[in-house]
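Me: I've just opened this model and want a quick tour with you. Start with whatever vocabulary I'll need for saying where a residue sits.

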Amino acid sequence: VSRAIDFTLCRLRAKLEGIKGPEKVVFDEVHPGPPAGKAVQVRVRGRDWGVIETIAAEVRGALGEIPGVRDIQDSREGGKDQLRLSVDEGEARFAGLDHASLAQSLFYAVDGGKVSRIQRDEKDLDVKVRLRADARGDIPSLLGLDVANPQGRQIRLGRVARFEELQGPPFLSRYNFRPVVSITADVDGERVTSRQANARLKKRFADIGRRYPGYQLIYGGEEERTEESMQSLFRSFGVVLLLDFVILAALFRSYVQPLIILTSVPIGLMGVVWALIMHGAAASFMALLGVVAMTGVVINNAIVLIDLVNSKREEGLSPVEACVQAGVQRLRPIAASSITTLLGLFPSAYGFGGYEPFVAPMTLTLAWGLTFAMPLTLFLVPSIYVIVEDARAWLARKRTRPPNPRVGDRQLTAP
């Protein structure tokens, strides 16, 4: 599905490139997530709209220089045409007018002022007076309005002010009580990732606070959601490992054996790293979610193995003999359960019968992590167990060894 969408968008871009009429053609592809949001989203926050516009223009230019960044948009694009009244301060003071009186007169002319109230069908209706619809947007008609000064003289509006035609913003945005302009963009995943584009942008504007004191860039969209998701995932992963350790310590009545079992997790991580490097895939949120799922599977294999080792030790076998027999007896069930799991994961990871880009990163890391952990767990976990038991026996012998007699000590014998 993703490849079909990319192919369709490429064809549309090629056909609509250079088309006459619209100022800009933007394609918006909806991503299922996580992460959700635009690939690049930057909020320019400050006090003065003029400075914010200057910084926003620099950000748009910087995004345009990054290969693979496309569909750059500004939150102030697509606004309505506006008329801005510019007052000649000298003429206004000479005529005895101020900004408030001019704004009030213009408001009454455009929006209307209530002059009376009438009653119809037992309802009170307000009567408002204002300019005709064709005159409300006509500059000569507006400049021909008369404004009364404090002395009662009528002053023509066009004598003290003039109108400027401009395009206003579609809406006024604020972030934490300050004006803000948002710049968004999409990326071509084959040329640059969202994280790479945001990293370049952060490096480019690292000195924004020094060049424009009181102004800042706030990064959001996919980058913000990804950072939040990653932090939550790492916290959850740490809690999972801690709970695993507590439960295993209670079951095995040991603080050392749970650590031996948890060594199977780094073994699986070796397979995850190899898979991401060989496939050129990013360590996305879904890929790391597969790591969490892989942790539970590889720990189960190690639990089954260590539990049988403990049973063999209770029968009087040495650590080496117990590990050898446990490995032989648990080889078939561990291999069978792992292989059946892999047979269900690899088709989803590689799209046999249909490729789903949302699930593929998770199944890829889970499958290859389990592939590495399955055989290595049968060898490394028993080896670590034997090393720990040998170290424990050596410490026990060292504690019980009698102290050597010191040179010069006299031995007392009974008469």
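Reply: Helices (H or I, at least four residues) and strands (E, at least two) are DSSP runs, and they are numbered from the N terminus. Also, this is a predicted model, where local features need pLDDT of at least 70, side-chain atom pairs count only at pLDDT 80 or more, and totals for chains, interfaces and linings use all residues. Residues are numbered from 1 along each chain as its sequence is written, and side-chain values use heavy atoms, with hydrogens and water left out.

Me: Got it. Let's do backbone oddities: where is R253?

Reply: R253 sits in the loop between α10 and α11, the latter being residues 257-262. Its phi is near 55 degrees, a positive value in a residue other than glycine.

Me: Remind me what makes that worth flagging.

Reply: Most residues other than glycine have a negative phi.

Me: Is R253 buried or exposed?

Reply: Exposed, because its relative accessible area is 80%. The cut-offs are under 20% for buried, over 50% for exposed and partly exposed in between, with a 1.4 Å probe and protein chains only.

Me: And what's phi doing at F177?

Reply: F177 has a positive value too, near 70 degrees, and is not a glycine. You'll find F177 in the loop between β9 (174-175) and β10 (178-187). With a relative accessible area of 78%, F177 counts as exposed.

Me: Switching to electrostatics. How many salt bridges does a search of the whole structure find?

Reply: The search turns up 11. To count, a side-chain nitrogen of Lys or Arg has to be within 4 Å of a carboxyl oxygen of Asp or Glu.

Me: Which side chain does R204 pair with?

Reply: R204 meets E65 in a salt bridge, at 3.2 Å from N to O. That pair links distant parts of the chain: R204 is in helix α8 (residues 194-204), E65 is in the loop between α2 (49-64) and β2 (69-74), and they are 139 residues apart.

Me: How open are those two to the outside?

Reply: E65 is exposed, as its relative accessible area is 57%. R204 comes in at 44%, which makes this arginine partly exposed.

Me: What about E389, which residue does that one bridge to?

Reply: R313, with the closest N and O atoms 3.4 Å apart. This is another link between distant parts of the chain, with E389 in helix α15 and R313 in helix α13 (residues 285-314), 76 residues apart.

Me: Is E389 buried or exposed?

Reply: Buried, because the relative accessible area of E389 is 11%. R313 counts as partly exposed at 29%.

Me: Which residues are linked in a network of salt bridges?

Reply: E58, D207, R210 and R211 form that network. Separately, E164 and R162 meet in a salt bridge, with N to O at 3.4 Å. E164 is partly exposed, with a relative accessible area of 26%.

Me: Enough charges. Which residues make the nonpolar surface patch?

Reply: V239, L243, I247 and L251 do, giving a patch of about 400 Å². A patch takes residues with over 30% relative accessible area and no salt bridge, joining like charges within 9 Å and nonpolar side chains (Val, Leu, Ile, Met, Phe, Trp, Tyr) within 5 Å. Areas are Shrake-Rupley with a 1.4 Å probe, and for residues only the protein chains shown count as cover.

Me: Which helix is V239 in?

Reply: V239 belongs to α10, residues 221-252. Its relative accessible area is 47%, which puts V239 in the partly exposed class.

Me: Last topic, contacts across the sequence. How far apart in space are Q196 and I66?

Reply: Their C-alpha atoms are 9.8 Å apart, with their positions 130 residues apart in sequence. Q196 is in helix α8, and counts as partly exposed at 40% relative accessibility.

Me: And how far apart are the C-alpha atoms of L342 and L370?

Reply: 7.7 Å separates them, and along the chain they are 28 residues apart. L342 lies in helix α14. Its relative accessible area is 9%, which means L342 is buried.
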